[in-house]
Amino acid sequence: MSDITLRLVILLLVGIGAWLLIWVGKRFVAAQRERALHAAPLLPQTPVDEKNMTPVRILAFSSPDCHQCHQLQAPALQRLLAARGEQVSVVEVDATSEHELTQTYHVLTVPSTVVLDANGKAHAVNYGFTPTPRLLKQVDDLLAIGISIA
């Protein structure tokens, strides 16, 4: 086998290996998101939710040392609140101390956001930074189906 052929075969194998690794990673994240969406609804009497009885609630998972959470996600959530006012509330969750919520929603990274209806059922899970337009679409989709406070 010539040197160039061997190099092409190795390059092809590395490419296939990288593709498989990415594919497995995407499948893992999709499975975690699906588990989070099927999690038991967050009960209204949960202390984190008592003051947030709006039609749509967003759990914003972060940590004290997460720069992306504070520099990108927090302003995006503020823009969302400014655009939708009384229809949305944001609950800040410290992923490092709220282990039960972190496990319930299969939080893989911070920032992460979980969009809940008034009954506490998850309708969207976003891992990593989520821009305002995507959050607005998720909130508008939820409001459009008419989920109301039970």
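The following questions and answers introduce a predicted model.

User: Which residues does the UniProt annotation "transmembrane region" cover?
Analyst: The annotation comes from an unreviewed UniProt entry. Over the stretch concerned, the model is 100% helix and 0% strand, and the C-alpha atoms at the two ends are 29 Å apart. The record places the "transmembrane region" at residues 6-25.

User: What is the area of the nonpolar surface patch that includes Trp19?
Analyst: Tryptophan 19 belongs to helix α1, and its relative accessibility of 53% makes it count as exposed. Other members of the patch include Met1, Leu6, Trp23 and Val24. The area of this nonpolar patch is about 1,200 Å².

User: How many salt bridges does the structure hold?
Analyst: Side chains of opposite charge can pair when their charged atoms come close. One of the salt bridges joins arginine 7 to aspartate 3, and another joins lysine 137 to aspartate 141. Arginine 84 also forms a salt bridge, with aspartate 140. The total for the structure is 3.

User: By about how much of a helix are arginine 7 and aspartate 3 separated?
Analyst: Their side chains meet in a salt bridge with an N to O distance of 3.4 Å, and both residues are exposed. Arginine 7 and aspartate 3 lie 4 residues apart in helix α1 (residues 3-37), so their separation is about one helical turn.

User: Which helices are linked by the salt bridge of arginine 84 and aspartate 140?
Analyst: The closest N and O atoms of arginine 84 and aspartate 140 are 2.8 Å apart. In sequence the two residues are 56 residues apart, and the pair thus links distant parts of the chain. Arginine 84 lies in residues 67-84 and aspartate 140 in residues 132-144, which are helix α2 and helix α4.

User: Is arginine 84 buried, partly exposed or exposed?
Analyst: A residue counts as buried under 20% relative accessible area and as exposed over 50%. Arginine 84 has 23% relative accessibility, so it falls between these limits and counts as partly exposed. Its salt-bridge partner, aspartate 140, has a relative accessible area of 29%. The class of arginine 84 is therefore partly exposed.

User: Which residue of the pair lysine 137 and aspartate 141 is exposed, and which is partly exposed?
Analyst: The two side chains meet in a salt bridge at 2.8 Å, N to O, and the residues are 4 apart in helix α4, about one helical turn. Aspartate 141 has a relative accessible area of 40%, so it is partly exposed. With a relative accessible area of 53%, the exposed residue is lysine 137.

User: What is the order of the strands in the open sheet?
Analyst: The sheet has 4 strands with mixed pairing. Its edge strands are β2 (88-94) and β4, each of which pairs on one side only. Neighbouring strands are turned by 15 degrees against each other on average, direction ignored. The order is β2-β1-β3-β4.

User: Which residue of β4 is the bridge partner of valine 114?
Analyst: Strand β3 (residues 112-117) runs antiparallel to β4, and 5 bridges join the two. Valine 115 stands opposite alanine 124 in β4. The bridge partner of valine 114 is valine 125.

User: Which residue in the hairpin of β3 and β4 takes a positive phi near 90 degrees?
Analyst: The hairpin has 4 residues between its strands. The residue with this positive phi is glycine 120.

User: Why is strand β4 described as largely enclosed by the rest of the structure?
Analyst: Strand β4 spans residues 122-127, and it is an edge strand of the sheet. The description holds because, of its 6 residues, the number that are buried is 5.

User: Where is the peptide bond that is cis, with omega near 0 degrees?
Analyst: Proline 111 lies in the loop between α3 (99-104) and β3. Histidine 106, found in the loop between α3 and β3, has a positive phi near 50 degrees. The cis peptide bond runs from valine 110 to proline 111.

User: How far apart in space are valine 93 and threonine 113, C-alpha to C-alpha?
Analyst: Valine 93 is found in strand β2, and its 2% relative accessibility makes it count as buried. Valine 93 and threonine 113 are 20 residues apart in sequence. Their C-alpha to C-alpha distance is 9.6 Å.

How values were computed: Residues are numbered from 1 along each chain as its sequence is written. This is a predicted model: local features need pLDDT of at least 70, side-chain atom pairs count only at pLDDT 80 or more; totals for chains, interfaces and linings use all residues. Side-chain values use heavy atoms; hydrogens and water are left out. UniProt positions are given in the numbering used here, feature names are shortened, and annotations may be inferred rather than shown by experiment. Buried means under 20% relative accessible area, exposed over 50%, partly exposed in between (1.4 Å probe, protein chains only). Two strands pair if DSSP finds at least two bridges between them. A salt bridge is a side-chain nitrogen of Lys or Arg within 4 Å of a carboxyl oxygen of Asp or Glu. Patches are made of residues with over 30% relative accessible area and no salt bridge: like charges are joined within 9 Å, nonpolar side chains (Val, Leu, Ile, Met, Phe, Trp, Tyr) within 5 Å. Accessible areas come from the Shrake-Rupley method with a 1.4 Å probe; for residues, only the protein chains shown count as cover. Axes are lines fitted to C-alpha atoms, for helices over the stretch in contact, and angles run from 0 to 180 degrees between N-to-C directions.
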